[in-house]
Amino acid sequence: MYHTGIESPERVWWRPVRGGEKVWVAIAFAWCMILFAMMPLWHLRGGQNPSGIRHRVDPLAYATRVREFIAQYQVGEEANLPVVEPPPGSDVYLQGSMWRWIPVLRLQAGAEYVLHLSSTDVNHGFSLYPLNVNFQVVPGYDYGLRVRPTEPGEFHIVCNEFCGIGHHMMVGKVVVLPPAGLAAAEQPR
Ligand code: CUA
């Protein structure tokens, strides 16, 4: 037995829903409400949102600021990139441009910094490997993140926003040094 669109179906569809079905509707509705409430709740309580400081910046002015920052705290050079070691608590400037991240940063574990991200040309993606950290790096905007590196080691900045022919080679570096007290004991310099 089949129905065509012309014949009307058996008249059962207008009967009130049965108990079991009502329970499922109620469960689905309650779950919807829980998920709906989680959106604002997780925004406030999830601890996953960056404490971003955002403002507009002229790309040229940002590049100038990065150059000043490098001149102030440069400690060396690595693969033609300046290496800087800013003091704990300072503002750190990182610039993404086709196709490099400058400068290489040396930060201290346990210290707090404000990490500024911006681009001087097109959109880039700041992805800190192997951690799960991702940010858009947009020209014209200075995006400041309050960061406190916890684990000493070498981290690579991978560009995760396609930005042209050299995109895959756009790799930068952040070195996290052991906390100040340990550093003196472990690495005599
Ligand atoms: Cu920068 Cu892809």
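Which residues have the most contacts inside the largest nonpolar core? In this predicted model, the residues in question are Leu-94, Trp-101, Leu-105, Leu-117, Phe-126 and Val-174, within a core of 34 residues. Helix 2, spanning residues 59–73, gives the most to this core, with four residues.

**Contacts around the core**

Leu-105 illustrates how separate parts of the chain meet. Residues up to four places away in sequence aside, Leu-105 touches Phe-69, Val-84, Val-92, Leu-94, Leu-115, Lys-173, Val-174 and Val-175. Two of these contacts, Leu-94 and Val-174, are themselves listed with Leu-105 as residues with the most contacts inside the core. Leu-105 falls within strand 6, which covers residues 104–108.

Leu-81 offers a second view. This residue lies in strand 3, residues 81–84, and is classed as buried because its relative accessible area is 14%, where the limit is under 20%. With residues up to four places away in sequence not counted, Leu-81 touches Gly-76, Arg-100, Trp-101, Ile-102 and Val-104. Among these, Trp-101 is one of the core residues with the most contacts. Leu-81 is also 9.1 Å from Gly-172, C-alpha to C-alpha, although 91 residues separate the two in sequence.

**The open sheet**

Seven strands form an open sheet with mixed pairing, in the order 2-3-6-12-11-8-9. Strand 2 (74–78) and strand 9 (133–137) stand at the edges; each has a single partner strand, so one side of each is without a neighbour in the sheet. On average, neighbouring strands are turned by 25° against each other, direction ignored.

The part of the sheet that runs from strand 12 to strand 9 can be followed pair by pair. Strand 12 (residues 171–177) and strand 11 are antiparallel and share six bridges; within this pairing, Glu-154 has Val-175 of strand 12 as its bridge partner. Strand 11 (residues 153–159) is in turn joined to strand 8 (residues 124–129) by four bridges, again in the antiparallel sense. Here Ser-127 is partnered with Val-158 of strand 11. Strand 8 then pairs with strand 9 over five bridges, also antiparallel, and Leu-128 has Val-133 of strand 9 as its bridge partner.

**Salt bridges**

How many salt bridges does a search of the whole structure find? The search finds five. Three of them are set out below, with the distance between the closest N and O atoms.

| Basic residue | Acidic residue | Closest N and O atoms |
|---|---|---|
| Arg-106 | Glu-85 | 3.0 Å |
| Arg-148 | Glu-112 | 3.0 Å |
| Lys-173 | Glu-154 | 3.5 Å |

Arg-106 forms a salt bridge with Glu-85. This pair links distant parts of the chain, 21 residues apart: Arg-106 is in strand 6, and Glu-85 is in the loop between strand 3 and strand 4 (91–97). Arg-106 counts as buried because its relative accessibility is 16%, whereas Glu-85 is partly exposed at 30%.

The second tabulated pair joins Glu-112 and Arg-148. Glu-112 lies in the loop between strand 6 and strand 7 (113–119), and Arg-148 in the loop between strand 10 (141–147) and strand 11, so the salt bridge ties together parts that are 36 residues apart in sequence. Glu-112 is partly exposed, with a relative accessibility of 37%.

The third pair belongs to the sheet. Lys-173 forms a salt bridge with Glu-154; because Lys-173 lies in strand 12 and Glu-154 in strand 11, the pair ties together parts that are 19 residues apart in sequence. Is Lys-173 buried or exposed? Lys-173 is buried, with a relative accessible area of 13%, while Glu-154 is partly exposed at 48%. Salt bridges with shared partners join Glu-78, Glu-154 and Lys-173 into one network. Lys-173 is also among the residues that Leu-105 touches, and Glu-154 is the bridge partner of Val-175.

**Cysteines**

A disulfide is a covalent bond between the sulfur atoms of two cysteines. The structure holds zero disulfides. Cys-32 counts as partly exposed because its relative accessibility is 45%, whereas Cys-159 counts as buried at 5%.

Conventions: Residues numbered from 1 in each chain as written. Predicted model: local features only at pLDDT ≥ 70, side-chain atom pairs only at ≥ 80, totals over all residues. Heavy atoms only, no water. Pairing = 2+ DSSP bridges. Helix = DSSP H or I, 4+ residues; strand = E, 2+ residues; numbered from the N terminus. Disulfide = S-S within 2.5 Å. Buried < 20%, exposed > 50% of the residue type's maximum accessible area, 1.4 Å probe, protein only. Core = buried A, V, L, I, M, F, W, Y, C linked by side-chain atoms within 4.5 Å. Contact = heavy atoms within 4.5 Å. Axes fitted to C-alpha atoms, helices over the stretch in contact; angles between N-to-C directions. Salt bridge = Lys/Arg side-chain N within 4 Å of Asp/Glu carboxyl O.
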